[in-house]
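Work through the two exercises below with the sequence and the coordinates open beside you. Each task is followed by a solution that goes step by step.

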Amino acid sequence: MSRASAVAPSNIAFVKYWGTRDLDATLPFDPSISMTLSECLSYCTVETLEGSGPDRVDIASESGALQPAGEGFAAGVRGHLDRIRGWSGSEARFRVAARNTFPTGAGMASSASGFTALALATSAALGRAVEGGELSELARISGSGSAARSAFGGYVEWPVDEEGSAAVLAPETHWALSDVVAVVDDRPKDVSSREGHRRAPTSPYFEPRRALLAGRLRRVREAISARDFGSLAEVLEEEAIDLHVIAMTSRPPIFYWSPATLAVLEKVRDLRSGGVPAASTIDAGPNVHVVCPSDVEEEVARAIGSMDGVVSVLRDRVGGPPRITGEHLF
Ligand code: PMV
């Protein structure tokens, strides 16, 4: 038996991945750019099991107690273990335990960190710990495209070539940005992002946004390179709103926002008019990620946290890549 544990970060996209040109290979129509986070993390411990039988999948609570994972979650993990078996040529069965430090399934990219941690821990348990581009690919074939970006720390673009590789635009030490998440609803969303990607091309606004993407990608690369928050802020909000315009006009439509989502968007625009550098972005869920320079994080968190409809505030900042850890869940 061989056991390994890994911890992997979530990430928040500045330019969004929305729409897959190849759903099975998880390849997007267009590139996306994200910031890797340091506090929204997934821990995963994997041990090879003797003999045959199904993989065993547990979830660890905050206290560390393990319980069998729900059917949906366990099926997702087993599906990815099958792909990793295919990649490695191994027929091993596994015992897996997983823990997230943040709410799952509510537009917080728990699949990105979760599948990256699973890919790293499983490859290590098989004696072939992967990193960088290889980890990115092994995480991405889980079906979560954003997982491709969680294989790296700092500011990351994916894909940068036809094969679907991701690459670091700048390391985490380059620019101290924070992500203050206004949690307005921490329940799992009704429509998965996979389904959102599938429906996206049915929106009449899908192609018009694609036409704008080359310019937005260039503006974000330049803003990161020059640490220009004003330019980043503009693109961030354009992208967040366009993703949801496309979702709301897909056939059938998907409404991820709640009334409090809009209230937070307005509040952030007010903050900015008042001279506080802060900008909103939103993934496939109702929660608003308020990105800001880390020196105003405290002020932003206080302003957002006092709003009606904001259930809690998570404070995160740019972080490093996934890693093997000695912190085992069993
Ligand atoms: O990785 P997926 O399939 O869960 O898709 C993520 C989609 C968004 O979070 C909405 C955007 C992004 O680029 O992360």
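**Exercise 1.** In this predicted model, identify the residue of strand 4 that is the bridge partner of R3, and then describe how strand 1 pairs with its neighbours.

*Solution.* Begin with R3, whose bridge partner in strand 4 is E47. Next, extend the view from this pair to the two strands: strand 1 and strand 4, the latter spanning residues 32–49, run antiparallel and are joined by eleven bridges. Then turn to strand 14, residues 323–325, which also pairs with strand 1 in the antiparallel sense, here over three bridges; within this pairing, S5 stands opposite T325. Finally, consider how far strand 1 is covered: of the 13 residues that make up this strand (residues 3–15), twelve are buried, that is, under 20% relative accessible area.

**Exercise 2.** Determine which residues come nearest to the ligand, examine the polar side-chain atoms that face its oxygen atoms, and state how much of its accessible area the protein covers.

*Solution.* First, list the surroundings: 15 residues lie around the ligand, and those that come nearest are Y17, S146, R149, S193 and H197. Second, sort this shell by residue class, which gives five nonpolar, seven polar and three charged residues. Third, take the distances to oxygen atoms of the ligand one by one: a polar side-chain atom of S146 lies at 2.6 Å, an N or O atom in the side chain of R149 at 2.7 Å, and a polar side-chain atom of S193 at 2.8 Å. Last, account for the cover: on its own the ligand has 380 Å² of accessible area, and the protein covers 95% of this.

Conventions: Residues numbered from 1 in each chain as written. Predicted model: local features only at pLDDT ≥ 70, side-chain atom pairs only at ≥ 80, totals over all residues. Heavy atoms only, no water. Polar contact = N/O pair within 3.5 Å; in protein donor to acceptor, adjacent residues only side chain to side chain. Areas by Shrake-Rupley, 256 points an atom, 1.4 Å probe, with all protein chains shown as cover. Nonpolar A, V, L, I, M, F, W, Y, C, P; charged D, E, K, R; others polar. Buried < 20%, exposed > 50% of the residue type's maximum accessible area, 1.4 Å probe, protein only. Helix = DSSP H or I, 4+ residues; strand = E, 2+ residues; numbered from the N terminus. Pairing = 2+ DSSP bridges.
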